[in-house]
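Okay, everyone, thanks for coming. I'll put one structure up on the screen and then walk through a few side chains with you.

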Amino acid sequence: MKHPDLRHSSSSRTLAGIKILDLSRLLPGRFAVKLLSDLGASVDQVRGPGFEADFKGPGRIALQSFFSFVRYRKSYEFNLKEEKDRRRFCQLVQKTDLLIENFRPGVMDRLGVGYKVLSKKNRGLILCSITGYGQKGENSQRPGHDLNYLAASGLLDLFRDSRGKPIIPQIQIADLVGGGLYAVIEILAALRQRQKNGKGCHLDISMTRSLEDLVSPYRRSPKKALSLLTGKLARYNIYQTRGGGEIALGCLEPKFWKRWCEKIGHPEWASAAERFDFIGTKRYRALQRMIRSRTKAQWLRIFRGNDVCVSPVVTL
């Protein structure tokens, strides 16, 4: 199955001419510059001495696998504790539109290259700082990783197994979404604002605060309503097919559920939606058996071209 490649879309060169310096060391910053690079920005990397010293064992595996998707135009190595390297770094910043970093709050200032210093050298500079808990507040200096931010935001509470125990999601949601994607949104807005007034800014991206935005709609929803979209409904569920593989059925609206029922030869099930909705019913078990009677490919052929919410569970 082919997926669309945004790099080949009409918007792929939107950020052509934008120059980025990537001072980040971890996935949130790297993912942000990857997305911005896909939109046409040119990215140079700034590495510190002993860049990989913190990454041993599992950390090194993550470093090699997660960071390999970024293609830098140039790579520089500076020791920002040294005056000579700070001067060279500041010379680069003078010709830079965006600088991304993920140090703990205060580190850039202590190195003598905080926003107040750099903005005097480049009025239009946008500095994007990605941290776990933000630049200010009682938690700003706390260390952490993706799992910590998921827990602190309340998002982890929504991921539980059948026994009610929290489970670790299989992707780094805080890093990729709370950090990388939210950073890109703020950066694009800052670039737009700079077009109007010529001024840069300092963006404070807190991964925990970003995740709290994602959780906010669920805070107002009763738990019963939430459970309907997490495996309690027959028509919004994942089903095993013959020979392995799964399909995802997402027919929440009556019109989609009706078409599904008609296509599988059970139009009477559509009118019994309320009695049929919850898993564990006789009809639900009958539906499970029916889907297991065909392969994933056979089901996809049956529903190809039909207006029904059915998708294959695609493996990596």
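Let's start with a polar contact: the side chain of Ser 206 reaches the backbone nitrogen of Arg 209, at 3.1 Å. Keep in mind as we go that this is a predicted model. Where does Ser 206 sit? It's in strand β6, which covers residues 201-206. And is Ser 206 buried or exposed? Its relative accessibility is 3%, and the cut-off for buried is under 20%, so Ser 206 counts as buried.

Right, on to charges. Side chains of opposite charge can pair when their charged atoms come close. How many salt bridges turn up in a search of the whole structure? The answer is 12. I'll show you a few of them.

One of them links Asp 44 and Arg 73, with N to O at 2.9 Å. Asp 44 belongs to strand β2, residues 42-47, while Arg 73 is in the loop between α2 (58-66) and β3 (74-77), so this pair ties together parts that lie 29 residues apart in sequence. Asp 44 is another buried one, at 7% relative accessibility.

Now go to helix α3, residues 83-93, which holds both Glu 83 and Arg 86. Those two are 3 residues apart, about one turn of the helix, and they form a salt bridge whose closest N and O atoms are 2.7 Å apart. Glu 83 has a relative accessible area of 42%, which makes it partly exposed.

Next up, Arg 160 and Asp 157: their side chains meet in a salt bridge too, 2.5 Å from N to O. Is either end tucked away? Arg 160 is partly exposed at 40% relative accessibility, and Asp 157 is partly exposed as well, at 37%.

Back to Glu 83 for a second, since there's a network there. Which residues does it join? Glu 83, Arg 86 and Arg 87 are connected into one network by salt bridges that share partners.

Last stop is the surface. Lys 282, Arg 285, Arg 289 and Arg 292 gather there in a patch of positive charge. Residues in a patch like this have no salt bridge, by definition, so these four are not part of the pairing I've been describing. As for where Arg 289 belongs, that's helix α12, residues 282-292.

That's my tour. Happy to rotate the model to any of these spots if you'd like a second look.

Note on methods
Residues numbered from 1 in each chain as written. Predicted model: local features only at pLDDT ≥ 70, side-chain atom pairs only at ≥ 80, totals over all residues. Heavy atoms only, no water. Patch = residues over 30% accessible without salt bridge, like charges linked within 9 Å, V, L, I, M, F, W, Y side chains within 5 Å. Areas by Shrake-Rupley, 256 points an atom, 1.4 Å probe, with all protein chains shown as cover. Lys, Arg positive; Asp, Glu negative; His and termini not counted. Charge placed at Lys NZ, Arg CZ, Asp CG, Glu CD. Helix = DSSP H or I, 4+ residues; strand = E, 2+ residues; numbered from the N terminus. Buried < 20%, exposed > 50% of the residue type's maximum accessible area, 1.4 Å probe, protein only. Polar contact = N/O pair within 3.5 Å; in protein donor to acceptor, adjacent residues only side chain to side chain.
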